[in-house]
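Work through the two exercises below with the model open. Each task is followed by a solution in steps.

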Amino acid sequence: MTRFRWVSVLVAATILAGCTPSFKQDTEVVQQTEDAEEVETAHITSRQLSENYYRTLTPYKESASRGLIVSNIYTKYDIKEAENGLMRISQNVFDTEKYFFQEGQQLSANTVSYWLARENQTTDQRDDLQGLNPSSLDANGNELDATIKAVEAPVYLAHIVEQNYLTLTDDNKVRLSGMSVGLALNSVYYYQKERYGEYFEEPIPNEKLEAAAIEIAEEVVARLRMRSELADIPIVIGLYKQQPRNSIVPGTYFAYNVVDGGKSALGEWQKINEAYVTFPMSSPADIYREANKSFQYFKQEIDKYFSNFTSVIGTGFYQNNQLQNLEVEIPIQFYGTTEIIGFTQYLTDVMLKQLPKDVTITVSVTSVNGPEVLIKKERDSDKPFVHIYE
């Protein structure tokens, strides 16, 4: 059997859709970007993997500012969640049966770079291209001391994620009918007192961060509405708090807002209660205690199987204080095929016995040679999918 690797939901959906031989009729795509109006012919996939996924257009178009996210967001975990979390929010507004997904095409890399700068650091004098982060200058125009800057004027906005949502018109064209914007925010401000000196860090208080984020969101919406092609579409704007640089779990969106088409004023902010946590925990909070206990029992059973130490790490995703997904990583030394099969059978039994039954669970076993085993169990199911790489 051929080895393969899991890819993100969005990428997987795109690949599978692209391999499907049945397409709807060719659809003429008319989109207006910052530079000029583009007319393209594309395909809309006729098959939708599930109601949780949007259909996409092929050929697939990457975001106009895609390359910036790697340098602007600290960890690979936050890069993934900033995009996937925004899509989850968007599903509250843009029906997956009606809308098609496309990575953001409206904000160019240059525009995003301008907006991420400090207010005093942009060379372009256009009001809609000025930096959204606070100025680094004092009232007299002098550069603030690094320590003062870290406390009084940190960089709040780290990145801007854009997603476009399209609908099909009666004349077999697609048009931009909705837009989602994720504001990725820093939870910690890193700075140097000297140009080549060591880095220091200053945590940004939640209240201060949220107040700044709301002001930035209002300005972003105002700038988007200045463009004729974005004047009348609904805009979803989400606030994402990324984790520190050394984190092994991603941050989450903590609030979102929906601006109806033709309006610029933001409505009431909707709070989001989501969290990623690692298992096992030494001192879990009450809401994590039961799952942590189950994971510890699971880990103890795995430890019994090996004569040497094996690391077993779990990442849990909570929504509204309820565990939704659990991903487990088990790195092992290389074993022969029969040993892998035996361990997989044992591991599957332990997983079904010890881990929560009402959550989606993914267990990945890896060695120095790469992935060895993948086990996936859907919520409330006792029949997991098991794959042994050969």
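Two strands pair if DSSP finds at least two bridges between them. Strands (E, at least two residues) and helices (H or I, at least four) are DSSP runs, numbered from the N terminus. The model is predicted: local features need pLDDT of at least 70, side-chain atom pairs count only at pLDDT 80 or more, and totals for chains, interfaces and linings use all residues. Residues are numbered from 1 along each chain as its sequence is written, and side-chain values use heavy atoms, with hydrogens and water left out.

**Exercise 1.** Find the order of the six strands in the open sheet, then place helix H7.

Step 1. Start with one pair. E13 (residues 313–319) runs antiparallel to E14 (residues 322–331), over seven bridges. Phe317 has Asn325 in E14 as its bridge partner.

Step 2. Extend the sheet. The order is E12-E13-E14-E15-E16-E17, with mixed pairing. E12 (274–279) and E17 (385–388) are the edge strands, each pairing on one side only.

Step 3. Add the helix. H7 (residues 286–305) lies across E12, E13 and E14. Contact here means heavy atoms within 4.5 Å.

**Exercise 2.** Describe the lining of the second largest pocket.

Step 1. Fix the term. On a 1 Å grid over the protein atoms alone, a pocket is an open set of points where a 1.4 Å probe fits, with protein on both sides within 12 Å along at least five of seven lines; lining residues have an atom within 4 Å of a point.

Step 2. Count the lining. This pocket has 17 lining residues; Tyr74, Val155, Tyr189, Tyr190 and Arg245 lie nearest its centre.

Step 3. Find the main contributor. E7 gives the largest share, five residues.

Methods
Axes are lines fitted to C-alpha atoms, for helices over the stretch in contact, and angles run from 0 to 180 degrees between N-to-C directions.
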